[in-house]
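Student: I am new to this structure and would like a close look at one part of it, the sheets and the loops and spaces that go with them. Please take me through that in one connected answer.

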Amino acid sequence: MRAPLHAARQGGHSFTSVLIANRGEIAARIRRACLELGLRPILVASEADRTTGAPGEKGGPLSIGPSAPARSYLNQAAILLAARVTGAEAVHPGYGFLSENADFAEAVEKAGLVFIGPPASAIRIMGDKIAAKRAMMAAGVPCVPGPGEPLPGDAEAVRAIAEEIGYPVIVKAAGGGGGRGMRVVRESAEVADAITITREEARRAFGKPELYMEKFLEHPRHVEFQVLCDNHGNAVWVGHRDCSIQRRHQKVVEEAPAPAIAPELAQRIGERCAEACRQIGYRGVGTFEFLYEHGEFYFIEMNTRLQVEHPVTEMTAGVDLVHEQLLTAQGELLSPSRFRGEAHGHAFECRINAEDPATFVAAPGRITAVRFPSGPGIRVDTHVSAGYRVSPYYDSLIAKLIVHAPTRAAAIRRMQVALSETRIEGISTNLPLHERIFADADFVRGCVDIHHLEKRLREEPRVQA
Ligand code: ADP
């Protein structure tokens, strides 16, 4: 058991109210956690969300601007003003939007509020993939082979680097994100064009022309480690997840623990991640993303925020990560012995999106009827109910269906039943895709690579409802 809050609280600013600078399911999730800890949640909403019925308190959420994200959820001045007028003492950024914006973290602290997340300096390091790779190398975290340095301007010198790594290689933008700003190069004749195109893309999309190069792994799995740190230099790893079921670099299904990872190896990598956190003065929750191939881990990036898929770790590690964020931000001490990276049972999460199941095009509209599953080991994180209008302005995630069971096989069966009980009417969703994934023999066997889903969709593009 943890010590009483008031006894352990130190090294942070205690607060009693939290402005939630986000929307959708994650705003609902954070609001609930605040209430459970006796904190006052303050919700904000764009015009679009005010009319769709965002999770509300009395009087509804405070308006922070028009529907376009740039004018509301990304509008730092509007959010800081909302914090001032409501008397908020802390800001939780959720995921997406301003959650990995170092300038915002700094502005929040400058306004005398607690930013529930890492220090701006850590966000900055991890926002630059070259700096991140260097920091990881320094902490002994295994990285994808390739120098942790920007590529030189001269194509001949770049070719020499590629030859040393060995083809195929991947050229990546230091400031890249969202699966953009990357190009695979399979032979030396492709090097010059790949550099020119990716550099131009990087300059335009991320305002940062630096590129770097590493080995391209052909059939990796995506395995990530959850870490948790307090303000006193304690850092622990809380478990790992497999997020290999992806389409266009977007995760669709996640599970914890990642299957068939040797416990000693996981322990070693998890400890390295925790050590890296100590070295960069990290605070709060974070995720180290790795590619995993032929029994080896290769770091690709760190996400300095709560992730969409955090519930599968919560279910298997017996921890509430949002509570931990709120408590450690107030200076509470972590008790490292509570976290041994062990998983109890197995959990899956399906991201339910409002989208056409065949074309994947977003399908906003009004939900006319909804029925979510229930029963032992079932969790639904959502902000929608019948009558909710899914807005075209934001990402199409409308619910996360999470199951937990003693074994992976039992969890798969539980998800199959849960999916069969789920009904969302009035709009199209990707529920048929999830049913298909959970009926796929290779997925059921476990350990498919990051190309598996796209390969299946190429083989048989139509998903049957
Ligand atoms: P982003 O910040 O855009 O998400 P990442 O570095 O996390 O960029 O890479 C996104 C995806 O690109 C990975 O999940 C993986 O599918 C692919 N990828 C990145 N680096 C490599 C690599 N060295 N080899 C193979 N695939 C890679």
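Tutor: The model is a predicted one, and its chain averages a pLDDT of 94, with 95% of the residues scoring at least 70. Residues 1–10 are a stretch where pLDDT stays under 50, and the model has 21 contacts beyond four places in sequence for them.

Begin with the sheet of three strands. It is open, its order is 7-6-8, and the pairing is antiparallel. Strand 7 (180–185) and strand 8 (211–215) are at the edges with a single partner strand each, so one side of each has no neighbour in the sheet. From one strand to the next, the twist averages 25°. Helix 9, made of residues 191–206, packs on this sheet and touches strand 6, strand 7 and strand 8. The direction of helix 9 makes about 175° with that of strand 7.

Now take the pair formed by strand 6 and strand 7. Strand 6 covers residues 169–177 and pairs with strand 7 in the antiparallel sense over five bridges. Valine 169 stands opposite valine 185 in strand 7, and glycine 177 stands opposite arginine 180 in strand 7. The hairpin of these two strands has two residues between the strands, and glycine 178 there takes a positive phi near 65°. Before strand 6 comes a loop that follows helix 8 (155–165), and proline 168 lies in this loop. The peptide bond from tyrosine 167 to proline 168 is cis, with omega near -5°. As background, most peptide bonds are trans.

The other sheet to look at has five strands. This sheet is also open, with parallel pairing in the order 3-2-1-4-5. Strand 3 (62–63) and strand 5 are its edge strands, and each pairs on one side only. Helix 2 (residues 24–36) packs on the sheet and touches strand 1 (17–20), strand 2 and strand 4 (90–92). Between the directions of helix 2 and strand 2 the angle is about 160°. Strand 2, residues 40–45, is joined to strand 3 in the parallel sense by two bridges. In that pair, alanine 45 stands opposite serine 63 in strand 3.

Strand 5 leads to the second largest pocket, since strand 5 (114–115) is among the elements that give two or more residues to the lining. About 170 Å³ of space lies in this pocket. It has 16 lining residues, and the closest to its centre are Val114, Phe115, Asn231, Arg283 and Ala329. Besides strand 5, strand 12 (284–293) and helix 12 (321–329) give two or more residues to the lining. Helix 12 gives the largest share, three residues. By class, six of the lining residues are nonpolar, seven are polar and three are charged.

Enclosed spaces come next. There are three cavities of 30 Å³ or more in the structure. The largest cavity holds about 60 Å³ of space. Its lining includes Asp242, Cys243, Ser244 and Ile245, together with Val253, Glu255 and Arg408. Phe443, Gly446, Cys447 and Val448 also line it. Strand 10 (235–247) and strand 11 (250–256) are the elements that give two or more residues to this lining, and strand 10 gives the most, with four residues. The lining divides into six nonpolar, two polar and three charged residues.

The second largest cavity contains about 50 Å³ of space. Of its 13 lining residues, Ile116, Gly117, Thr304, Arg305 and Gln325 are the closest to its centre. Here the classes are six nonpolar, six polar and one charged.

Two loops complete the picture around strand 11. Arginine 248 is in the loop between strand 10 and strand 11. Most residues other than glycine have a negative phi, but arginine 248, which is not a glycine, has a positive phi of about 50°. On the other side of strand 11, proline 257 has its place in the loop between strand 11 and helix 10 (263–280). The peptide bond that joins alanine 256 and proline 257 is cis, and its omega is about -5°.

How values were computed. Residues are numbered from 1 along each chain as its sequence is written. This is a predicted model: local features need pLDDT of at least 70, side-chain atom pairs count only at pLDDT 80 or more; totals for chains, interfaces and linings use all residues. Side-chain values use heavy atoms; hydrogens and water are left out. On a 1 Å grid over the protein atoms alone, a cavity is a set of points where a 1.4 Å probe fits but cannot get out, and a pocket is an open set with protein on both sides within 12 Å along at least five of seven lines; lining residues have an atom within 4 Å of a point. Grid points are joined across faces, edges and corners, and a volume is the space filled by probe spheres set on the points. Ala, Val, Leu, Ile, Met, Phe, Trp, Tyr, Cys and Pro count as nonpolar, Asp, Glu, Lys and Arg as charged, and the others, Gly among them, as polar. pLDDT is the predictor's confidence in each residue, from 0 to 100. Contact means heavy atoms within 4.5 Å. Two strands pair if DSSP finds at least two bridges between them. Axes are lines fitted to C-alpha atoms, for helices over the stretch in contact, and angles run from 0 to 180 degrees between N-to-C directions.
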